[in-house]
Amino acid sequence: MERLHFATVGSVDDGKSTLIGRLLYDSKSIFEDQLEHIEAVSKRRGDDYVDLSLLTDGLRAEREQGITIDVAYRYFATPKRSFIIADCPGHIQYTRNMITGASNADLAIVLVDARTGVVEQTRRHSLLVSLLGVPHLVICVNKMDLVEYDSAVFNRIREEFEGFASRLDLRDVTFLPISALAGDNVVSRSANMPWFEGPTLLHHLENIYTASDDNRIDTRFPVQYVIRPQRADTLDYRGYAGRVAGGMLRVGDDIMVLPSGLTSTITGIDSPDGPVEQAEPGQAVTVLLKDDLSITRGDMLCRPNNRPRTSQELEAMLCWMDDAAPLQLDKIYTVKHTTKLARGKVSNVLYRLDISNLHRETEINELKFNEIGRVTLHTTSPLFFDDYHQNRTTGSFILVDESSGQTVAAGMLLSPRS
Amino acid sequence: MKSALRSLIDESVTIIREVAAEFERPAMLFSGGKDSVVMLHLAARAFSPARVPFPVMHIDTGHNFAEVIEFRDRAARDLDVQLIVGSVQASIDAGRMQDATGPRASRNPLQTVTLLDSIKEHKFDAVFGGARRDEERARAKERVYSHRDAFGQWDPKTQRPELWGIYNGRHKAGEHFRIFPISNWTELDIWQFVADYNIDLPSIYYAHRRQVFRRDNMWMAVSPFLQPEPGETVTEELVRFRTVGDATCTAAIESSATTIQQVIAETAAARITERGATRADDRISEAGMEDRKRTGYF
Ligand SMILES: Nc1nc2c(ncn2[C@@H]2O[C@H](COP(=O)(O)OP(=O)(O)O)[C@@H](O)[C@H]2O)c(=O)[nH]1
Ligand SMILES: [Mg+2]
């Protein structure tokens with residue numbers, strides 16, 4: 001059974017945590033003790049109904065303030081598919097936690113409150129989802145119960161969103177009118193909205209096709225760890241362990257090692273289950289080569305006729321995530337890209353994106369907390385990379401502040417504008 | 001098509017290798033409980049045919065089930081890893097803390113002191129734990145690479161962003177990371193792995209007859225460390241354990257499941273969570289786990 005990883009995003013109070021509670025509840029994935037617990041807490045607080053958001057808001061501070069601060073992961077399965085849910089916070093100051101939850105997602109659900117429509121955080125999160133290359137998007141117009149299940153409200157919000165989203169890079173967008181609280185169109189079809197002919201949310205999640213989302217063409221294997229057993233029976237074993245970042249590896253394939261440019265042939269592939277003939281994106285394997293080459297962590301295997309780009313001067317979209325200090329031009333940060341560590345500095349902010357209207361603001365020389373901009377990055381050694389849109393693994397990196405150790409930025413590598 | 005278990009294994013193996021590559025002195029917590037057994041098997045597969053390049057460590061409260069301790073020693077030998085035991089009794093004898101006393105005393109919270117002392121003594125900078133996010137609501141919030149300050153504390157408010165599969169293990173001297181490679185596994189995934197890979201577990205995970213008594217709606221096992229109070233009657237029941245920890249705070253469940261497949265069927269139909277059914281220590285308060293984690297617990 002295949003697993004779908006999805007994130008719920010959108011502004012504070014638009015109903016993300018309630019929706020997850022509803023999905024778990026209606027798919028019978030809530031355990032009795034969990035339900036008793038949230039019933040007791042709701043009752044003690046004097047709520048009129050059981051607050052399903054308590055299922056994911058697990059931290060003391062979250063319960064005290066009634067908000068989501070950090071991503072919560074929940075798991076559930078139906079006979080068709082199993083799911084990992086990342087329930088993301090909506091507040092702007094916790095955007096970095098939202099990015100954490102959405103970066104690996106196959107699908108994002110953007111919640112919109114039917115009464116308020118598209119607001120700034122809807123736009124910010126949709127932009128981030130598009131920059132992060134999340135392949136599938138579902139816009140849930142929520143709280144339809146509070147607008148008398150009116151199709152005109154749904155259609156207006158849909159148009160509003162489409163007007164904004166036409167300038168984003170979104171491949172697959174679906175709109176659903178729901179009530180997370182009452183359950184309309186979440187797991188069962190709503191009798192209150194006969195005008196809506198689309199699927200329920202769960203039906204959509206169970207049936208969405210994701211197998212074509214991986215890049216299975218451009219072979220990329222960042223070397224993570226060299227396995228050299230110091231045991232008498234396997235003295236000659238020398239394997240390169242890592243996770244396939246793109247394309248396929250097959251026994252017998254010719255490969256090239258970067259940065260050395262040396263070539264060899266794959267003589268064996270060991271998986272956690274033993275030897276295999278081939279490996280696909282996402283698989284953790286150990287590759288054996290015909291020749292005894294000098295290969296270390298941070299090197300990359302590819303096909304001789306299909307290489308990643310190699311450069312020390314890169315262009316990237318950068319999300320600045322440090323609340324302690326803004327991005328400083330020419331300051332040295334540690335760059336972590338695939339399994340490679342380098343040091344680097346941003347020499348130029350080409351533009352900053354204004355979230356509300358997607359305007360590009362130039363003449364900028366810093367990025368503040370939660371700002372997004374296109375930058376030029378120089379690294380101390382070359383990176384082997386692809387455009388983020390081609391490959392989410394070889395196209396992404398983080399910046400680490402060398403004195404605080406904090407992860408201060410997430411970057412997505414792009415082809416330079418010609 | 002990739003199965004769900006397949007991608008979980010790939011993710012866990014990748015995390016374990018990443019830590020081995022980036023940290024100076026990693027260690028893996030190993031109690032003989034099913035999650036840590038699965039984690040250790042994943043480590044063995046991550047480095048095969050080489051040995052696991054770090055030791056395993058057990059924090060022993062001295063109040064563990066004998067079958068589990070025996071299993072622990074045998075498994076470490078079979079998988080050819082070095083076993084370090086941090087002893088709560090030794091910490092008490094050394095005056096690091098006082099033993100828990102009173103009728104419902106449990107050494108469970110005392111483990112934190114011994115754990116942090118052992119991490120310091122061996123200068124470990126990364127400690128793998130077998131916690132799963134589906135276990136508990138504070139764990140559902142924790143990163144795979146979870147930073148601990150010089151006092152071993154977790155601060156849920158300042159967790160680092162953790163994007164894609166890129167992990168940041170940068171830390172200052174004296175700080176360390178807890179690493180959770182099986183974060184995304186559920187109880188059912190663990191059992192599926194045990195079945196598919198024919199993994200040996202301590203016998204107490206399968207149904208057996210045992211002397212038990214009822215306390216707080218749970219079946220507690222009679223042991224040298226836990227005796228019934230007046231009014232609690234001992235009976236013999238057919239039970240098994242869903243989780244295995246300190247004998248004073250781990251309860252058994254009624255079960256007739258003697259094979260892996262029967263356990264899987266039972267787990268799939270369970271209406272109560274693993275910890276909810278069996279852990280007295282989680283019932284302390286609404287944020288019991290979060291509070292313990294903040295001060296350095298597993
Ligand atoms: N009437 C109504 N209220 C809802 C609905 N969904 C969520 N709410 C309420 O909106 C508030 C915020 O919900 P929550 O799930 O915490 O939002 P989050 O901040 O996006 O996670 C809570 O009081 C919910 O009960 C809905 O469909 N209808
Ligand atoms: Mg929420």
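In which sense do S9(B) and strand S10 (residues 251-254) of chain B pair, and over how many bridges? Keep that in mind as you open the viewer; this is a predicted model, and the tour begins in chain B.

**Stop 1: strands of chain B**

Select residues 234-241 of chain B, which form strand S9, together with strand S7 at residues 208-215. These two strands run antiparallel and are joined by six bridges. For a landmark, click B:His208 and look across to B:Val239 in S9(B), which stands opposite.

Now add residues 251-254 of chain B, and the opening question is settled: S9(B) and S10 pair in the antiparallel sense, over three bridges. Here the residue to pick is B:Phe241, with B:Ala252 of S10(B) opposite.

**Stop 2: the magnesium ion**

Move on to ligand 2, a magnesium ion, and display A:Ser17 and A:Thr68 around it. The OG atom of A:Ser17 and the OG1 atom of A:Thr68 coordinate the ion at 2.1 Å. A:Ser17 sits in helix H1 (residues 16-26) of chain A, while A:Thr68 belongs to the loop between helix H3 (60-65) and strand S2 (72-77), so the pair ties together parts 51 residues apart in sequence. Try a surface view too: both A:Ser17 and A:Thr68 are buried.

**Stop 3: two helices of chain A**

Finally, select residues 95-102 (helix H4) and 120-131 (helix H5) of chain A. Their axes lie 11 Å apart and the helices pack at an angle of about 40 degrees, which makes H4(A) oblique to H5(A). The crossing is right-handed. Show side chains to see who meets whom: A:Thr95, A:Met98 and A:Ile99 from H4(A) meet A:Arg124, A:His125, A:Leu128 and A:Val129 from H5(A).

Notes: Residues numbered from 1 in each chain as written. Chains lettered and ligands numbered in written order. Predicted model: local features only at pLDDT ≥ 70, side-chain atom pairs only at ≥ 80, totals over all residues. Heavy atoms only, no water. Donors = N, O, S within 2.8 Å, 3.2 Å for Na, K, Ca; no water. Helix = DSSP H or I, 4+ residues; strand = E, 2+ residues; numbered from the N terminus. Buried < 20%, exposed > 50% of the residue type's maximum accessible area, 1.4 Å probe, protein only. Pairing = 2+ DSSP bridges. Axes fitted to C-alpha atoms, helices over the stretch in contact; angles between N-to-C directions. Parallel < 35°, antiparallel > 145°, perpendicular 65-115°, else oblique. Left-handed = near helix turned anticlockwise from the far one by under 90°. Contact = heavy atoms within 4.5 Å.
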